[in-house]
Structures are given as C-alpha cells and as structure tokens.
Amino acid sequence: MSSATYSGDIPELITLRNSLSQKKNIIPSWFDAKITPCNWSGIRCASSTVYEINLSCTPLPLDLPFPSSITKFRNLKHLNLSNCALTGHVPTSFWTLEHLESLDLSGNRLVGILPPALSNLKLLKQIILDGNSFSGSLPSTIGLLRNLTELSVQGNSFSGILPPELGNLQNLLSLDLSLNDFSGNLPSSLGNLTKMLYFDASQNRFTGSIFASIGHLERLIELDISSNLLSGPIPQEIGGLTSLKLLRLGNNSLDGKIPASIANLRELEVLNIQNCRFTGNVPEEISELSSLTYLNIAQNSFHGELPRSIGKLTDLVYLLAENSGLSGNIPGELGKCKKLKILNLSYNSLSGPLPDGIVGLESMTSLMLDSNWLSGPIPDWISHWKLIETIMLGKNLFNGSLPPLDLPALTLLDVSSNMLSGVVPAEVCDAQSLSMLLLSDNGFSGTINDTFIGCLSLTDLVLSENQLFGEIPSYLGQLQLVTLELSKNKFSGKIPDELWKSQTLMEISLGSNMLEGKIPAELAKVSTLQRLQLDDNLFEGNIPNAIGELKNLTNLSLHGNKLTGEIPPELFNCMKLVSLDLGKNRFTGSIPNSISQLKLLDNLVLSNNDFSGLIPESICSGFQKMPLPDSEFIQHYGMLDLSYNHFVGPIPASIGHCIVVTELLLQGNKFNGSIPHELSDLVNLTLLDLSFNSFSGLALPQFLALRNLQGLIVSHNQLTGSIPENLSLMMPSLAKLDLSGNHLSGPLPPSLFNISSLTYLDISLNSFTGPISFHITTISSLLVLNASNNHLSGQLGDSFSNLTSLSILDLHNNSLSGSLPVSLPNLAALTYLDFSVNNFQESVPCNICNIQGLAFINLSANKFRGYVPDSCSRAKPCPAVQTAFPSLQGYSHSPALSQASIWVISLSATFIFVVLLLSLVRWKMLRQEALVLEKGKEKLVATIEPASTDELLGKKHKEPLSINIATFEHSLLRLNAADILSATDNFSKTCIIGEGGFGTVYKASLPEGRMLAVKQLNGGHLHGDREFLAEMETIGKVNHENLVPLLGYCVCENERWMISGGREEEVLDRCLLHAVSSTDQVLHVLNIARFCTCDEPWRRPTMVEVVKSLMEIKTSINMGKASLILNTLEEYLNC
C-alpha cells in the first residue's frame, strides 16, 4: 500500500522507515506488513498524529546519518534517538519543532553547534545531548527555555564561557555540563536556580572562585565542580546547602581553610576535596557530618593531627588522606568507625605506633600507611582482620619481627623499607591468597630454605636489601612467580637449575650477592623472561650462546662480575633488548656488527672491560626510539657508556644517529682524531665525557652547539684552540666544563663566567694567557674554579667578589700579580684556596681566615709583604680597629702594655707550647698501639705470581730538578720497577690493602722492616709525564697529620707507581683509626661525602680534590667514637 492512502503523519513514518531500510533487521516491526505504523516499536500516535519517536530500545545501533525526515513531524513532543550511533549534523529545520517537550540525542556521534534557534523550542523540559561531539558555546538564547527542568550536555566539546542567562532557567532541577571545555567563571546567576537538585560542572576549565550565591541552592542534593581550575577559598555560604548528599570539589586550586559552616551539611554522605591546596588543621567540624560514608582529603597541605573526633563518623566506609600533610599519631578513636573498609594515610608524617584502639576494625579490606614515620612493632592483632586484602606499611620505621599473619583474604603485604629483623616466618604463607610479598630494605636474616614453600599463590616475591644468606632454594622455580627479587643480600653458591624451569618468571633480580659459577645455558628455558639482573656477583666464564633464545628479554645486566670472553653474536637475537649492561667484567674482543639487530636499544654499558677495536658504525641502530615506561629502567634511559676499555680510532660519523642518547661516555680509551661534527645532531645529550683519550683538533668547535648539554668533560687529550666568546649561546645549560690537561691557549673570554648554570670549571694544565675577568652580569652558580698551571697574568680585581657561591678556587702556578682583592674574604662559601706560585704582592688581607669553612689555604711562592698564613687554624687574628662611636668619645685609650707584662705573656705562651708538644709525642706513642680497623673491600686479583727480594733501598736515585722539590715536605725519591716488584712480592694479591678509583694500593716491606704503601695507577688515569708530575706536585704539597706523606714514585714505560707511608699504621689506617672530634668536622666529612656520591657521576670530585678538602680536618684519639664514622669515611675515601 502506498503512503498516499495514509493520512496525518503516517506518510512521514513511511518515509522515515524507508530511510532506515538497510537496518531492517534492527527494527523488524517497522517492516512487518501486519503491523500498522502507529504500532511500530518506539512510535506513539494520537489518531494518526505522531507525538513520540523512541529508537533507543533498538538492540543494535543504527550507525546512519541523522534522519532529516524527523523534521516533518510537526506535532512531535518526545524524541529519543539515544545510543543509535547517528552521525553528521542536526538539520537546521529540526529547531522549528515547536511542540517538542523532551529531546534525547545522547550516545551518538553528532557534530556541530547549538544554534540560537534552540529558543524556538519553548516547551522543552528536557535536553540530553550527552556523549556527542557538539562544539562551540551554549547560546545565550537558551535562557528563554523557561520550562526546562533537565539540561545535560556531558561529554561533548563545548567551550567558551557559560551564558549568565542560564540563571533564568528557574525550573531547572538538573544541570550537567561535565566533560567539556568550558572556561571562565561560574556565573553567579546560577544562584537563582533555587529548585536545582543536581549540578555537575566537573572536568572543564572553569576558573575564578566559587560564587557566593551558591548558598541559595538549598535544595541541592549533589554538587560536583571537581577537576577544574577554580581557586580561592570555599565560601562560608556553602553551609546553606543543608540537603547536600554529595560534594566534590577536588582537583582544583582551591585553598585556605575549610570553613566551619561545613558542619551544617548533616545529610552529606560523600565529601571529596582531594588534590587542592587547603591548609590549616583538618577541621573538627567534619566530625559533625554524621551521615558521611566517603571522605577524601588527600593531596592537600593540611598540618597537625587527624582530629580525634573522627571517631564520631560511625558510618564512614572510606577514609582517604594520603599526602595531605598530616602529622602526629594515628588517633585510636578511629577504631569507633566500625564500618571502615579502606584507610589510606600514606605519604604523610605520621609517627608513633599503630594504636591498639583500631583493633576492632574488622571490616577493613585495605590498610595503606606507607611512607610515614610510624614505629614500633607490627602488632599481631592485625590477624583479627579476616577480610583484609591489602596491607601497605612500607617506608616507615617499624621494627621487631614480622608477626604471623593468618589472613585468608590477604593478597598484598608490603612492609619494605622498615627496620624489621629476624627470620622471615614461614607462617606468612598461611595467607593462602597472598600473591605479592614485598619485604625489601629491612634487616631480615637467616636462610629461606623452606620459608615460602607453602606460598602457592605467590606471584611477586621481593626480598632485596636484607641480610639473608645461604643458597637460593630450588623450590622457588616451582612457584607461580612472575617477579623474583633477591638482590643486595648475602646469598651464595650457584643458581639452582630448577629456577630455569619456571614457566612464569618475567623478572629475576639477583644482583649484589655472592653467587658464583657460570651462567648456565639452561636459562634459555625461561621463555617468559623479560628482565634478568645478575650484576655484582662472582660469576665467571662466558655468556652462554643459548641466551639468544630469550626472545622476550628487554633488560639484561651482568655488570660487576668476572665474566670473560667475547660477546656471543647470539645475544643480539634478543631483539627486544632495551637495556644491556656488561660493564666491569673482563670481556675482550670487539663489539659485534650484529648489534645492529637491537633496534629498541636505548641503554648500553660496556665500561671497565678489555674491549678493543673500532666502534661499529651500526652501534646507533638502536638509540632512535623513545622508551616505553614499562619495558626499561628509566633511570638508565639514553646512556651509551664505552668508557675505560681499549677502543681505538675516531668516533664514527654514525654516532649522530643516536638521537635519544642523553649520556655519551667514552673516557679512558685510545680514541683519536677530532671531535666529530655529527655530535651536534645529539640534541638530547646532557653529558659528554671524552677525557683521557688522544683526541686532537679544536676542543670547542663552533658546530658543537648543544642546548641541553649540562656536562662537557674533554680533559687529558691533545686538544687545541681557545674558548669561544659565544660559549654561553652554544651551551646555555652547561653546569660542568672540564678542559684540563690539553693544549688550549688564548685569553679567557669574560662571557665564560656569565653562563648562569655553570657550577664546575676546570681549565688547568693548559696554556691560557691574559687576565681573568669576572665582570659577571648574572647571578653566578660557580662552585669550583681550577685555572692552575696556565700562563694567566694581570690582576684579579674586586669583581672577583661576584662569585658568591664559590667553594673551591685554585689559581696556582700562573703569573698573576698585584694585590689580593680586598673583597676576597667576602666569599663566604670558600673551603679551598690555592694562589701559590704567582707574583702577588702587597699584604694578605688579615681577615681572609674569617671565612668559616676555609679548610685549605696556600699563598706560598708569591711576593707578599708581612705575615702570610699557611693554615687558617694557625692564622694570626686581625689587629683591633678603633671605631669612634659617639658613645665612646669620652673614654681614653687603654695604656700600652708594660715590658714586664710582655715577658709574662711570652713565658706563658712558651709553657703552653711545651705542654702541647709533649702531649703530641704521647699521642703518637698511643697511636702505635691502636687496632688496625679494616673493612673488607672488593679486591683486584694480581696477574703476577708472588716472588721475594730483600733489596729495595740500594737503588735509590735523587729526584731530578724537573719537578719542584721545594714544595715537598720530604725529600722525594724515585725507585725503579725492580725495587717495587721486590717490596710487594711481585704485586701479590696478599699485599693488597685497598682499591681506589684510579688504582690498587699494595703494602710494601722494606728490608729494615719499614712499611710503605705503593699505589699502582690504572693505565687510563695519567697519560703523560706532564700530568703525572703535576699530580705529584699537588699531592706533595699536602701536609697534614692524618695524611701519609709522599715519599717517592716510579715511572716505567706506561706504568706509574706512587710510594707513600712510614710506619705500618701510617700505611694501613692513619685516616681510619681516629674519629673526628667535633660536630663541625663530622659535617665537613659528610659534605665531602655528599659530593662523592651525588647522582650525576660527572659532578663527583677527583681523588685529589677529596684529599685537598680533607686537609684541615682535625682528628682525635677517641677510639670509642671511631666506629661511628669509620664506615662512612672508608666508603668516601674510596669513591
């Protein structure tokens, strides 16, 4: 039957049906000839007039353009096309359907704007446009829809400011503007909507403060304006919302204190003010919200304790207050909240024990108290919480043993980074659902032979940084473990074969133990393995070829073992590798070209091995993709470290393809050639170290413009040229610049000291000339300046005082002249000062030793007049300066001292000196009886078999005058190689007494029984006689009661030895036997330690700098206190 036989709206229904014909399976009744159009599903008619169309009930989306024939139903009152996946624009004629009362277009993909013609639909009571892509601003004409009770535009792309005319919709009950891009202030006219029950403006970009007229919305039940850019305090007027059940203000910039009027919200059930800037105490008034079930005050800046009145919230189920600034104890009154299920107080400053008052919280499912200062034992009453699933107590100060926890629902237990001790109880496995057990960084001891054999649900076992020992038990391979972390313990023996049979392990971390043996080929069976860390153990032998079968491997670290041989080519079949660390082993050979297969590689460490040959052109096949956070250790991202090997040749031009490299470390090799132009392509580079090689050409070519570079170290090469004037433009982020030990020349550009980020500058051992200009236009951050051993001349000038942060200043062995700047004592941060061997004249400022932290000063070999201090500990005080204060003008001067008085003072001083001298002699005698304190260190194994000889002193030769012997306390002697071999039993490993950053120290025995210390320098440390002699001069000038004197040295081809010491205790423990005698001196040592162990290796000082800084530390003989700092000093003196 044709549509012409129908009357009313029936023809339009037929037209609408025909437009949907390709979806007839979705609306079958529309195509059933037995069903009349007004009986089609979703159609409602009055006679033949259609007044409702509802297609929301279709089982599947229509996925068609918006049907334009809808506009033909002129009497349509209700239209619901929600979730139909309609696309396109709404036709302009649609906004002429004047009889529409409800409109629901939600859940489609409609686009376009809401036109001003929307006001034509004056009968509209409901507009729901959620989940589309409408854009633009809301038209101001929307305020003409006076019958509107619901307006919801959630999840679109609307933007702009809200029209104030919204305040005219005084019949509005619900307004949802969430998940859009609205901006500007929330208009105060919204306070006119006094009938409104629900208001949601969350997740927009609203700014300004909360409008005060919000207090007029007395009928409001839910208010959500979270996740905006709102600021200012919560208005007191919010207390007028007495019907409110839900209040969400979180994720804004709201600040100030919580108003007391919040106590009026007695119906409130949900309060969320997380991630704002609220301050003050958590108000007691919150405890008046007796209906509260959910309270979230996390990520704010409150202070003080959680109020004890919190126990009045007896309906509370969720209490979330992580990182909210809380301190003090956890109130025991919290135990009155019997319905509490989730308690999160993490990342605060809470202290004290867990209160016994909360023992009754047996509804608890999640307890999160990590990262606080909580202390005392972990109470065993936690076992009463049979519903608990998560316990997080990590990063606190809990002590004692881990109590047995019979908790059937427990899945996660985290007590890492505490002070727990004792054995790990096997009863921990009584929690049959336990899947994650984190016990790292405690003091647990004993073995784990049978401890976890019953943890059948365990997937993550983290026991790192404890005192566990024994062998790794084989049953671990039978558990369903995904992560196994046993690093930094004392496990020994071999890795059990059963571990490599696991079908679930994805991460194995066994680093820093005492494991030994070979890495077995069976590891290839763990096909799921992604991360394998075996670093810092005693493994030896080759890397097995079978490792190439680990196709899912992303991270491999074998650093710090005794592995040998070449890198097997099969390793590069692990094509998912992101991080590879083979550093500090004994690998040989070259880098295989097959490294080109590692396309995802962004971290490669091969340092401290015996690799040789050229860098392959294919090394940058990786280093070209940004890392995935879940597939690598982010802290090592972008590192290419080939340092301290035997690589030769130039840096390949392909290095410019390593675009994600942030640290390029090539020091301590045999590279030559010039600095390649391609380095300028490494735009992400922050650290470049080319030191101790044989590079030549310009040290700072103009093309080396790296804006992100923070550290440039090219010392001890054969580089030439000068420092460019525009260095601050080439490298504006530079923090460390080390050009020492090269052949640079020319003047120092004034702009050098205007690099605001520069903290470390070493240009020593070059041929720079001219004056030093400190005309600084910005605030200087310079901490260390070493310009020694150059040809600098001229005067310093008072602009020197602009270096207000300077801590170490070394200008010795130049040709500087004139007087010292009178502003020099104003450098309050100075700890080390060396102006020796220059041409300074006039007198030394008498107040130079007023610098409190100045530990070393050397002004010798100049042309000063008068008193020159050699140590600020013995410096003469400045003479008193008479100042004519008006209040003192009436007083006469004190009479001069008589001759008799002078004699009395002189005799007294002589007597005191004699007493001190006798005390010193007695002190030295007592020292010989002190015990030798030694802490086991990793020993280098000598490659020469022991031998013996009784002749050492018969072949001594006087030191030639090529070195400045006047600077040495003792007559400097040079011994030949045979003497040293004899005295050290051919460098027997039994004579090793220490290992430093640049070599191994051996005990040497002279025929008459005298002991020496011989330090064999690593080959990469000093390359030429010039550098070696400069090192000898520096150490020879050190004169301190706690530092052994330099007695001689030996040079034989490429070998360098330094000889020092005297009696046996001087060789072994002179700097370790005695504790620092004052708090200031302890702080001085620890400050040096802080620099030695800073995160950025290139910021760490050299051993010479450490020795110089320790020069003036005074020690005592208090052996009772020695143990307090022994370990600290021993670590730092070997950094």
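Where does UniProt place the feature "binding site"? Its unreviewed entry puts that feature at K1015, so let's make K1015 our starting point, keeping in mind that this is a predicted model and that UniProt annotations may be inferred rather than shown by experiment.

**Stop 1: K1015.** Select K1015 and show the strand around it: β71, residues 1011-1017. Is K1015 buried or exposed? Its relative accessible area is 18%, and because buried means under 20%, K1015 counts as buried.

**Stop 2: the largest core.** Now go for the largest nonpolar core, a set of 261 residues. Color F199, F452 and F835, which have the most contacts inside this core. Next, highlight α1 (10-19), β1 (43-46), β2 (49-54) and α2 (727-730), each of which supplies at least two residues of the core. The largest share, 4 residues, comes from α1. As background, nonpolar side chains in soluble globular proteins tend to be buried together.

**Stop 3: another core.** Apart from the largest core lies another one, of 14 residues. To find this core, pick A977, I980, V1014 and L1047, which are among its members.

**Stop 4: F452 and T451.** Go back to F452 and show what is in contact with it. Leaving aside neighbours within four places in sequence, you should find V424, V428, C429, L437, L461, L463, Y475 and L479. Then click on T451, in the loop between β33 (443-446) and β34 (460-462). T451 is buried, at 9% relative accessibility. Which residues does T451 touch, not counting those up to four places away in sequence? They are V424, P425, A426, C429 and Y475. V424, for one, is in contact with F452 and is touched by T451.

**Stop 5: M368.** Select M368, in strand β26 (residues 366-368). At 16% relative accessibility, M368 is buried too. Show I342, L343, N344, L345, S346 and M392 as well: M368 touches each of these, with residues up to four places away in sequence not counted. Then draw a distance between the C-alpha atoms of M368 and E322; you should get 8.6 Å, for two residues that are 46 apart along the chain.

**Stop 6: a patch on the surface.** For the last stop, switch to a surface view and select W373, L397 and M419. These residues form a nonpolar patch, with about 320 Å² of accessible area together. L397 belongs to strand β29 (residues 397-400). With a relative accessibility of 31%, L397 counts as partly exposed.

Methods: Residues numbered from 1 in each chain as written. Predicted model: local features only at pLDDT ≥ 70, side-chain atom pairs only at ≥ 80, totals over all residues. Heavy atoms only, no water. Buried < 20%, exposed > 50% of the residue type's maximum accessible area, 1.4 Å probe, protein only. Core = buried A, V, L, I, M, F, W, Y, C linked by side-chain atoms within 4.5 Å. Contact = heavy atoms within 4.5 Å. Patch = residues over 30% accessible without salt bridge, like charges linked within 9 Å, V, L, I, M, F, W, Y side chains within 5 Å. Areas by Shrake-Rupley, 256 points an atom, 1.4 Å probe, with all protein chains shown as cover. Salt bridge = Lys/Arg side-chain N within 4 Å of Asp/Glu carboxyl O.
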